[in-house]
Amino acid sequence: MKLKIFADRSYLPNNLPTTLKYVPILIPFWGEIPEDPQHFKAGRFDKFLDRGQTSIEMTDLVAADLVIFPAHWHLIKENPAAYQLAMQLLENAKIAKKPVAIFSQGDWNSDENIDNTLIFYTSSFQSTRKPNEFAMPEWTSDFVADNFGGQIAVREKQTKPKVGFCGYAPPLGIPFGLKKLKGYLRMGGDMLGLTEKFYHKNGHTDRVLALSNLSKNAGIETNFAIRGNFAFSSQALAADPIDPEKIARQLRLEFCRNIIESDYVVCCSGYENYSIRFYETLSMGRIPILLNTDCVLPYDFAIDWKKYCVWVEKNELNSIADKVIDFHRKLSAQDFIDLQHECRRVWEEWISPEGFFNNFYRHLEKVSQS
């Protein structure tokens with residue numbers, strides 16, 4: 001199905017950040033959004049720019065299936081003039097009996113209940129999800145296409161599952177000192193439930209528990225590279241103040257190699273309730289170990305995500321190693337290879353920008369069935 005959309009530049013607020021000029025679904029029609037060519041996300045929309053018009057058509061309001069609010073919603077919430085402009089578009093669409101798609105890219109969420117909309121967040125909670133609320137991925141460049149010609153590096157099944165993780169998991173990986181102490185205090189507060197109502201302050205407790213429990217099991221081969229800082233934080237890049245971009249490239253390469261050189265990869269939310277690592281693991285043809293923190297995944301109404309990952313609930317963290325071992329044991333050597341290809345296929349057909357928007361019309365179908 002070719003989705004017909006309507007969008008109007010006059011509803012774009014002034015003074016938007018250059019890299020967030022408008023929402024990605026409009027790139028095939030309004031052109032490429034400027035990006036830092038050195039950034040690890042650069043080039044993520046190139047294929048969608050070239051191919052997007054094969055599945056989406058820009059029309060006038062009368063012919064459209066869906067109206068697109070052109071700006072990222074989180075950028076207009078605190079701007080009264082921009083918000084008024086958005087309300088104007090929503091009212092016009094309602095009069096025309098056309099639903100409106102709203103996108104909020106990044107670490108934002110909203111308690112608003114806006115009529116006649118489809119709302120797309122990267123970070124949502126299943127328990128408080130509204131019927132018109134859906135997940136969208138956080139996109140990065142395609143490491144496999146850039147470095148392996150689009151073909152995944154297939155791993156053969158070994159007796160022990162090799163589990164990878166490269167990243168920040170405080171207090172692990174932090175030298176003894178005040179920062180490590182704060183990490184333990186925060187983790188203690190999380191485990192006691194003191195920060196339960198403030199998810200963005202919970203930190204990384206779930207991933208710390210997962211990594212610790214996996215490390216203790218002799219049936220798991222671990223491939224962990226624990227960082228003392230966020231990969232692209234000012235502290236991490238300060239390792240080479242003369243050429244911080246060199247450090248950024250090195251950290252990115254180490255992150256991607258860690259995934260490529262593992263069978264399974266621990267994927268858990270950080271300060272917001274989604275995991276960019278989950279999408280990147282799929283894109284590289286590896287099997288995610290998803291720690292389900294009440295998360296919402298893209299196209300969860302069309303994809304049985306438990307087929308493509310080791311699914312671990314929060315109350316199963318103590319047995320995470322056993323779940324991985326059992327999942328791995330049940331796969332034949334060929335099943336293991338096939339699943340790697342399936343993970344890549346799911347990413348290409350449903351999660352990549354061109355795949356996500358090629359199936360975008362399905363959200364309208366889902367809402368109409370509700």
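**Entry 1: Asn-223**

I started with a side-chain pair: Asn-223 and Ser-262 are joined by a polar contact of 3.0 Å. A reminder to myself before going on: this is a predicted model. I then asked where Asn-223 sits, and found its place in strand β8, which covers residues 221–227. Is Asn-223 buried or exposed? It counts as buried, because its relative accessibility is 18% and the limit for that label is under 20%. Next I listed what Asn-223 touches, leaving out residues up to four places away in sequence. The list holds Lys-162, Val-163, Gly-164 and Phe-165, and also Asn-258, Glu-261 and Ser-262. Ser-262, the polar partner from my opening note, is thus on the contact list too.

**Entry 2: the sheet around β8**

From Asn-223 I moved out to the sheet. Which strands form it, and in what order? I read five strands in an open sheet, ordered β8-β7-β9-β10-β11, with parallel pairing. The edges are β8 and β11 (310–313); each has a single partner strand, so one side of each is left without a neighbour in the sheet. Between neighbouring strands I noted an average turn of 20°, with direction ignored.

At the β11 end, I looked at the pairing with β10 (residues 287–292) and found four bridges in the parallel sense. Within this region, Ile-289 stands opposite Val-310 of β11.

I also checked a helix on this sheet. Helix α6, residues 205–215, packs on it and touches β7 (162–168), β8, β9 (264–267) and β10. The direction of α6 makes about 145° with that of β8.

**Entry 3: strands by the N terminus**

Back to β1, residues 3–6. I found that β1 runs parallel to β2 (residues 56–58), with three bridges joining them. Which residue of β2 is the bridge partner of Lys-4? I read Glu-57. Strand β1 also pairs with β3 (residues 66–68), again in the parallel sense, over two bridges. There, the bridge partner of Ile-5 is Leu-66.

**Entry 4: cysteines**

How many disulfides does the structure hold? My search gave zero. I wanted to know why Cys-256 has no bond. The closest cysteine sulfur, in Cys-166, is 9.1 Å from that of Cys-256, which is too far for a bond; the cut-off is within 2.5 Å. Cys-267 is in no disulfide either, and its nearest cysteine sulfur, that of Cys-309, is 8.4 Å away. Both free cysteines then went through the accessibility check. Cys-256 counts as buried, because its relative accessibility is 0%. Cys-267 is buried as well, at 0%.

**Entry 5: helix α9**

I looked at how covered helix α9 (residues 276–283) is, and seven of its eight residues are buried. The buried ones are Arg-277, Phe-278, Tyr-279, Glu-280, Thr-281, Leu-282 and Ser-283. After α9 comes Gly-285, where I noted a positive phi near 70°.

**Entry 6: aromatic rings**

My last search was for rings. How many aromatic pairs are there in the whole structure? I got 24. I followed the pairs and reached a cluster linking Phe-45, Phe-48, Phe-103, Phe-120, Phe-134, Trp-139, Tyr-299, Phe-301, Trp-350, Phe-356, Phe-357 and Phe-360. A friendly note for anyone viewing along: selecting these residues together shows the cluster of linked rings.

How values were computed
Residues are numbered from 1 along each chain as its sequence is written. This is a predicted model: local features need pLDDT of at least 70, side-chain atom pairs count only at pLDDT 80 or more; totals for chains, interfaces and linings use all residues. Side-chain values use heavy atoms; hydrogens and water are left out. Rings of Phe, Tyr and Trp (its six-membered ring) pair if their centres lie within 6.5 Å; planes under 30 degrees apart count as stacked, over 60 as edge-to-face and the rest as tilted. Two strands pair if DSSP finds at least two bridges between them. Buried means under 20% relative accessible area, exposed over 50%, partly exposed in between (1.4 Å probe, protein chains only). A polar contact is a pair of N or O atoms within 3.5 Å; within protein, one must be able to donate a hydrogen and the other to accept it, and residues adjacent in sequence count only if both atoms are side-chain atoms. Contact means heavy atoms within 4.5 Å. Axes are lines fitted to C-alpha atoms, for helices over the stretch in contact, and angles run from 0 to 180 degrees between N-to-C directions.
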